[in-house]
Each structure stands twice: as structure tokens, then as C-alpha cells.
Amino acid sequence: MAGDSFELRLRMGAMVAKAVDAEVIDALTSLTVQGASRDRSGFQITFRLDHGGRLERVLLPGGYFDPMIRVIAEVIVRGKSHVIMDGVITQQEVRPAVGGQGATLMITGEDLTAAMDLVDLTGFPFPGMPDVAQVGSVLARYAVLGVLPVVVPPPYIDIPNPLEHIPHQSGTDYQFLRSLADAVGYVFHLEPGPRPGMSRAYWGPEVRQGAVQPALAVDLDADTKVQSLSFRLDGLSRATTVAWMMERRTKVSLPIPLPDILPLRPRLARRPAVPWRVVQHGHAGAATDPIMLTKLAVGRMLRHADAVVGEGSLDVVRYGQVLEPRRLVGVQGAGPAYDGNYYVTRVTHSIQRGAYTQTFSLAREGTGAVEERVTV
């Protein structure tokens, strides 16, 4: 499927996805892909199901669109390739022709974490392995799918003594990886690409630094690049986290407020919102392991860090490239309070014939730009 300055390429197949036939791409009427920083990605594709056509006669009854069939969606925008989805079908829906409306086939799916969420391996042991080693061991099972692990060790590493305690898996691989990430304030997700058939399995903190995507320009006449954009400041979203630590010898518990700055999460706002709320982790008198308590408290602190949310939509061709989630992007033209850089928390791709739009969500901890100039 092609449009002005963009082209969609679709691959499907069991395990190894191959370029679809011309009949399949011609029957495609719409594709939607959702990607978010803290959730698994998903997709939905709608096909025209012509009576007597090859999709209806051969491909559909032959299992071409069955659950667990792999689907890879790639878009070419101004000559640059972007893999926006690598996942598997989880559901199909057929709507026969009724009242003059043609028949349609709709397939819904999720990224390759769906394959990690099939088998309950509760009880699988990891003797002498800290969290980061457990994550690497689990992800190694999916190398055959082209999944490349990117694992960032947490700031506090606790190596369990096998003579005292052996960690065990709880739930499916996906549930286990998410629980390990949540415990230290990390995220776990798959990022499709950089080439078709490859995915990066990221287990680590939300990294809010690095290259910044071109600015989302608003209210700048001919330079405007977004269709809509709004911002919301939630005065109760940020919180100070207090961890109760027990001194081993005296058995006295002390409240320790956690700092607001982490090396991999530098400030994006000049004026962070005041954390009016105070949340506690642990409680006075609790004999909790200090390393584990610190890991859990840091995780809670990160979940209460953002106060400003931006939401909007854009035309990809006008913007000039694909806006990617889990990256930084600049905003220009929204005024001194809301200009500057943001973290892209969610992106939804909507592709139809001749049209490619995206809706998005942005986040940061307050108002005012740390860096006055943004990437254009």
C-alpha cells in the first residue's frame, strides 16, 4: 500500500514472515498499531473480503490469518524504513456482507510478548542469580524469534545465597519479566526493528535522554506540523516517596525521603511540579531487607514522577518522519510554559489508503523548558 511520500510493506507467516501477495495488500483497507512505554504493543488490520476472491476461498480457510501467525508491518517515509510492528495474530473476526456493506476480515494481535505469555512456568528455579541474570536467562529463550535482549542492571543488585534462598519464577515469562521490572521501577517492552524480523527486548529504566526527534510545531503558520495538541497539568500526580529503613543493630526504623533525580532520568522541565502528596514504602518497625526495600521504593518514586501530559495528532507526511514512542521529542509554539522537550509515552499509527496519521501522548515532570532550543 502506497500513499504520498509513504509506503506500507506487510509480511506474514508462521515463525518466519514473508512479504504478502499482491492480493493481500490490495485488500488491506486500514491498519492501526499502538505502542506505549509501559505496555505491550498491539495492532489491528482490516481487509476487504471479496466474494469468491482468493482471501475468502484459499487464504482464510487455509490458516493464513490464524492465531499465532506472525505479522510484521514496515513503513517507508521519505526513503527511510521504520518497522512499526512485529507481533502475532491473537484473534480474527469476519463480518459477512450485510445491507450493501461488503464483507470484511479483521485481524487483531499483539507484539511478540504474546508468545512469552502462553506457558505458566511457576516454580522454575534461578539458583544464585540476581534479577538481571534471571531476565537474561528468560529472554534467551526467544532468540529464535529474532529477539535481542537489552538489559540494564538496577542500581541495587542483590545476589541470593543458594544455601539460604533460591528465587523461583512466578507465572509466564512475560508476567515474570514485568514483575521483576515493576519491583525496581523499570519497564519491559519489545521495540520492533531496526530491521524486519528483529525486535529489541528492553528491560530497564525509561531513559529520558539521547537524540531528540524533530519538534512538534504548533501555531506557527506554514511551519505547523501537528493537527492538534493540548496539555494538562495534574497537581496531584507527583509524590515524594519515603522509605522506612531499619537499622539492624538498634532495630530503630528511620524514614528516608528519596531524592527526585536519577542519572538516567534527567529533568526535562525547568519548574518541576510540587510533589504535594507523600507516599510511604515499608512502615515503622518493619524488618525489611534494606536493599530490597530501596529497590521497591525507587520503583514507586518513578511511578509518581510526571505531572504534565500532552496529547495530540499529526500527519506523518507533513511531519516528515514517523514519531517514535519511548523517545524524546521537542514542542515548539505552545508558549513558554509548555515548549521544550518531552518523553513520548504512547503513539498510535493509523494507516489508510493515501493517509497516514498518528496520535500521541507526551509526559514530563513540570512546566518550562530546561533547554530553550529544540530540534527542528
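Start by selecting Asn341 and show what surrounds it: beyond its neighbours within four places in sequence, Asn341 is in contact with Val212, Leu268, Val329, Gly330, Arg364, Glu371 and Val374. Keep in mind that this is a predicted model.

Now colour the strand that holds this residue. Asn341 lies in β20. Is Asn341 buried or exposed? Its relative accessibility is 8%, so Asn341 counts as buried, the cut-off for that word being under 20%.

Next, select Asp339. This residue sits in the loop between β19 (328–332) and β20 (340–352). Asp339 is also buried, yet it has no salt bridge. Display Arg364, the nearest side chain of opposite charge, and you will find it 7.4 Å away from Asp339.

What does the side chain of Asp339 reach at 2.7 Å? Zoom in on the backbone nitrogen of Ala334. Then look at Gly333, whose backbone nitrogen lies 3.1 Å from a polar atom of the Asp339 side chain. With neighbours within four places in sequence set aside, the residues in contact with Asp339 are Val331, Gln332, Gly333, Ala334, Arg364, Gly368 and Ala369. Arg364 is thus a contact of Asp339 and also of Asn341.

Last stop: the largest pocket. Select Val83, Pro192, Arg200, Glu324 and Arg327, which lie nearest its centre among the 25 residues of its lining. The elements giving two or more residues to this lining are β4 (28–36), β7 (80–95), β10 (187–192) and β20. Colour β7 separately, since β7 supplies the largest share, six residues. The volume of the largest pocket is about 430 Å³.

Technical notes. Residues numbered from 1 in each chain as written. Predicted model: local features only at pLDDT ≥ 70, side-chain atom pairs only at ≥ 80, totals over all residues. Heavy atoms only, no water. Helix = DSSP H or I, 4+ residues; strand = E, 2+ residues; numbered from the N terminus. Buried < 20%, exposed > 50% of the residue type's maximum accessible area, 1.4 Å probe, protein only. Lys, Arg positive; Asp, Glu negative; His and termini not counted. Salt bridge = Lys/Arg side-chain N within 4 Å of Asp/Glu carboxyl O. Polar contact = N/O pair within 3.5 Å; in protein donor to acceptor, adjacent residues only side chain to side chain. Contact = heavy atoms within 4.5 Å. 1 Å grid on protein atoms, 1.4 Å probe; cavity = no way out; pocket = protein on both sides within 12 Å on 5 of 7 lines; lining within 4 Å. Points joined across faces, edges and corners; volume = space filled by probe spheres on them.
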